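This report covers aromatic contacts, cysteines and empty space in one protein model. The sequence and structure come before the findings.

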Amino acid sequence: QVQLVESGGGLVQAGGSLRLSCVASGRTFSGYAMGWFRQAPGKEREFVACISRSAGSTYYADSVKGRFTISRDNAKNTVYLQMNSLKPEDSAVYYCAAKRDSSGTYYFQRDYDYWGQGTQVTVSS
């Protein structure tokens, strides 16, 4: 059992920046790959970014490449999502997720074992 708690969401204007944080419980945080997903009303939950256990590899959805950066601080049991140049279409509930298996796919919801409750991000035009 892993507890994940997201924070940092809010209301920002288009072009602005926001940094999301996800704090994980336990002392084995470094043993999990971590991902961010988002879900807008009426849409499927979609992959945003993920980072490997050692932070040596990162992956991004095409829609956020060049604007978002995922990072982690294993000493603080925290994963971050720095979001720059925000667009209205980025508005969604953002979820943090933990992946036990270091292999396999990383862009499906079913690839992840633990989920946070989400934090709302709203970008106004």
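## Cysteines

A disulfide is taken here as a pair of cysteine sulfur atoms within 2.5 Å. The model is predicted, and a search of the whole structure finds one such bond. The partners are C22 and C96, with sulfur atoms 2.1 Å apart. The torsion about their S-S bond is about -80°, so the disulfide is left-handed. C22 belongs to strand β3 (residues 18-24) and C96 to strand β9, so the bond ties together parts that are 74 residues apart in sequence.

Both ends of the bond are shielded: C22 counts as buried at 0% relative accessibility, and C96 is buried, also with a relative accessible area of 0%. C50 is in no disulfide. The nearest cysteine sulfur to C50 is that of C96, 12 Å away, which does not meet the cut-off of 2.5 Å. C50 is buried as well, with a relative accessible area of 5%.

## Aromatic pairs

A pair of aromatic rings is described by the distance of the centres and the angle of the planes. The structure holds nine aromatic pairs. In one of them, F37 and Y112, the ring centres are 5.2 Å apart and the planes stand at 80°, so the pair is edge-to-face. F37 sits in strand β4 (residues 33-39), while Y112 is in the loop between β9 (92-99) and β10 (114-115), so this contact ties together parts that are 75 residues apart in sequence. Both F37 and Y112 are buried.

Y112 also pairs with W115, with 6.0 Å from centre to centre and 65° between the planes. This second pair is edge-to-face too. Its two members fall in separate accessibility classes: Y112 is buried, with a relative accessible area of 6%, whereas W115 counts as partly exposed at 26% relative accessibility.

## Aromatic cluster and charges over rings

Which residues form one aromatic cluster? The members are F37, F47, Y59, Y106, Y107, F108, Y112 and W115.

Two arginines sit over rings of this cluster. R45 lies over the face of W115, at 5.1 Å from the ring centre. The charged end of R110 is placed over the ring of F108, 4.3 Å from the centre of that ring.

## Largest pocket

Rolling a probe the size of a water molecule over the atoms shows where empty space is left. The largest pocket has a volume of about 190 Å³. It is lined by 13 residues, and those closest to its centre are A33, S52, Y59, S102 and Y106. Y59 and Y106 are also members of the aromatic cluster.

By class, the pocket lining consists of six nonpolar, five polar and two charged residues.

## Cavity

How many cavities of 30 Å³ or more does the structure hold? There is one. The largest cavity has a volume of about 40 Å³.

The cavity is lined by V2, L4, A24, S25, T28, F29, Y32, M34 and A98. Among these, A24 falls within strand β3 (residues 18-24), the strand that holds C22. M34 falls within strand β4 (residues 33-39), the strand of F37. The lining of the largest cavity divides into seven nonpolar, two polar and no charged residues. Charged residues are thus absent from the cavity lining, whereas the lining of the largest pocket has two.

Key. Residues numbered from 1 in each chain as written. Predicted model: local features only at pLDDT ≥ 70, side-chain atom pairs only at ≥ 80, totals over all residues. Heavy atoms only, no water. Phe/Tyr/Trp six-rings, centres within 6.5 Å; stacked < 30°, edge-to-face > 60°. Helix = DSSP H or I, 4+ residues; strand = E, 2+ residues; numbered from the N terminus. Buried < 20%, exposed > 50% of the residue type's maximum accessible area, 1.4 Å probe, protein only. Lys NZ or Arg CZ within 6 Å of the ring centre and 35° of its normal. 1 Å grid on protein atoms, 1.4 Å probe; cavity = no way out; pocket = protein on both sides within 12 Å on 5 of 7 lines; lining within 4 Å. Points joined across faces, edges and corners; volume = space filled by probe spheres on them. Nonpolar A, V, L, I, M, F, W, Y, C, P; charged D, E, K, R; others polar.
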